[in-house]
Amino acid sequence: ASTSNRVSLYKAVHNLPFSLLYRIKNKYTMDSELPNVFSQLAVETKQNEVDLAVGEKRKYIEPESLKSQAVEDLKMFLNDWINSTLKREHIVVKNLEEDIFDGLVLHHLLVTLGKTKLDVQEVALSASSQKQKLHSVLTAINQELQLSEVEVKRKWDVDSIHRKDLLATFHLLIALAKHYQPDLAFPSDVCVNVITIENQKSGIKTEKTLEYLTISRDDKECKLTKDDVFDDLFKLAPDKVNTVIQAIIHFANSHLGHLGLQVKDIERQFADGVILLLLIGQLEGYFISLHEFHINPSSNAEMVHNVTLAFELLKEGGLMDNPVNPEDIVNKDIKTTLRVLYSLFTRHKVNQTVEG
């Protein structure tokens, strides 16, 4: 069912006590009419599953998303950007998956844009030499972009780039382009369905989440007046950050207390999406079936699923004007978490004031 249909179902039962969430075992699955995407992918992912070691997981763009015009436009945009950047080098990229994986193009982009010299061989032919070159090039790129290991690990690494993972390749090229040419007019609002496959001892586990690759140009402008309020808070008034956090914690606890929940650590406790969903349910009048989310998430993918659902509900309620990456919440990004919670705080604190 579409998000709007699910929200209609949620609203239809909004008068039920939300605390019943813990007791109700709803036999009706709101998404029962949806095709099982994982069954559709069974054949396509079989070979990839065989390559996964126990405990290992990988992310892939859902095949249907790859067919979208937005993704095709993004591919063409990045192709053109690379070719114009490396025109003097007489390097022509025709296919992102096939032309990026060995490190040659990335090396030349780094040299051309970052004026960085690396002691690596120009052309690496064997898989081992290609990975060795990629390691050197990606290490230099990560340093240029000033990214932490955690940020890099969830976006790209040597193995994902070398196995021609388009999702990782997209993230890497977009990050490079934005870093060196921040005013580039990327295709806006490009998002993809991402399948996470994890090889657990009990078998293969799959999860589907929504991931934004680019935001809208309008949203980029909005950030100067909306999101950057928090950037300014952290930069210009760091002594006030804790005051804001405590105000939001107090606000959340005033609505979660009768569920037996208490928030003490915003970053950690909202990271898995459960308390965020419960808070949205209390404030916005949604009743969320246990079939819709993971009440005890045991993996990163399950947490992303929860947060993605929470974002869908916030968007339906007109509380999220700008695209936000659910993984930022899962990775305990305090500014992103505060922005999301502040949207709830401002609406319902104002409502309480008016009603009072």
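**Why these labels fit: a talk at the bench**

Mentor: Let's start with the outside: the protein's accessible surface comes to about 18600 Å², and 51% of that belongs to carbon and sulfur atoms. The areas come from the Shrake-Rupley method with a 1.4 Å probe, and for residues only the protein chains shown count as cover. Keep in mind that this is a predicted model, where local features need pLDDT of at least 70 and side-chain atom pairs count only at pLDDT 80 or more, while totals for chains, interfaces and linings use all residues. Residues are numbered from 1 along each chain as its sequence is written, and side-chain values use heavy atoms, with hydrogens and water left out.

Trainee: How many helices and strands does the protein have?

Mentor: There are 18 helices and three strands. Both are DSSP runs numbered from the N terminus: H or I over at least four residues for a helix, E over at least two for a strand.

Trainee: What makes the three strands a sheet?

Mentor: Pairing does, and two strands pair if DSSP finds at least two bridges between them. β1 (residues 57-61) and β2 (residues 191-200) are joined by five bridges and run antiparallel, with I61 standing opposite V194 in β2. β2 and β3 pair over 10 bridges, also in the antiparallel sense, and there E198 stands opposite K205 in β3. The result is an open sheet in the order β1-β2-β3.

Trainee: Why do β1 and β3 count as edges?

Mentor: β1 and β3 (203-212) each have a single partner strand, so one side of each is left without a neighbour in the sheet. Neighbouring strands are turned by 25° against each other on average, direction ignored. Helix α10 (residues 166-180) lies across β1, β2 and β3, at about 80° to β1. Axes here are lines fitted to C-alpha atoms, for helices over the stretch in contact, with angles from 0 to 180 degrees between N-to-C directions.

Trainee: Why is S299 called buried?

Mentor: Buried means under 20% relative accessible area, exposed means over 50%, and partly exposed is in between (1.4 Å probe, protein chains only). S299 has 7%, so it is buried. S299 sits in the loop between α15 (274-284) and α16 (300-316). Leaving out residues up to four places away in sequence, S299 touches E198 and K205, where a contact means heavy atoms within 4.5 Å.

Trainee: And what makes L256 buried?

Mentor: L256 has 0% relative accessibility, so it counts as buried. L256 lies in helix α13 (residues 238-256). Beyond its neighbours within four places in sequence, L256 is in contact with L261, V263, I275, L278 and L279. Across the protein, buried residues make up 47% of the 356.

Trainee: Why is β1 described as largely enclosed?

Mentor: Four of its five residues are buried, so the rest of the structure largely encloses β1.

Trainee: What makes K59 and E327 a salt bridge?

Mentor: A salt bridge needs a side-chain nitrogen of Lys or Arg within 4 Å of a carboxyl oxygen of Asp or Glu. K59 and E327 meet at 2.5 Å, N to O, so the pair fits the rule. K59 is in strand β1 and E327 in helix α17 (residues 326-330), 268 residues apart, and both are buried. Salt bridges that share partners join K59, E211 and E327 into one network.

Trainee: How many salt bridges come out by this rule?

Mentor: The count is 10. Among them is E97 with K75, whose closest N and O atoms are 3.7 Å apart. E97 lies in helix α5 (residues 96-100) and K75 in helix α4 (residues 69-85), so the pair ties together parts 22 residues apart in sequence. K75 is buried at 17%. Another is R268 with D265, at 3.8 Å.

Trainee: Is D265 buried or partly exposed?

Mentor: D265 is at 28% relative accessibility, so partly exposed is the right label.

Trainee: How do you know what span helix α7 should have?

Mentor: The expected span is 1.5 Å times one less than the number of residues. For the 19 residues of α7 (residues 127-145) that gives 27 Å, and the end C-alpha atoms are 26 Å apart, so the two agree. Buried residues of α7 include L134, V137, L138 and I141. After α7 comes Q146, with a positive phi near 55°.
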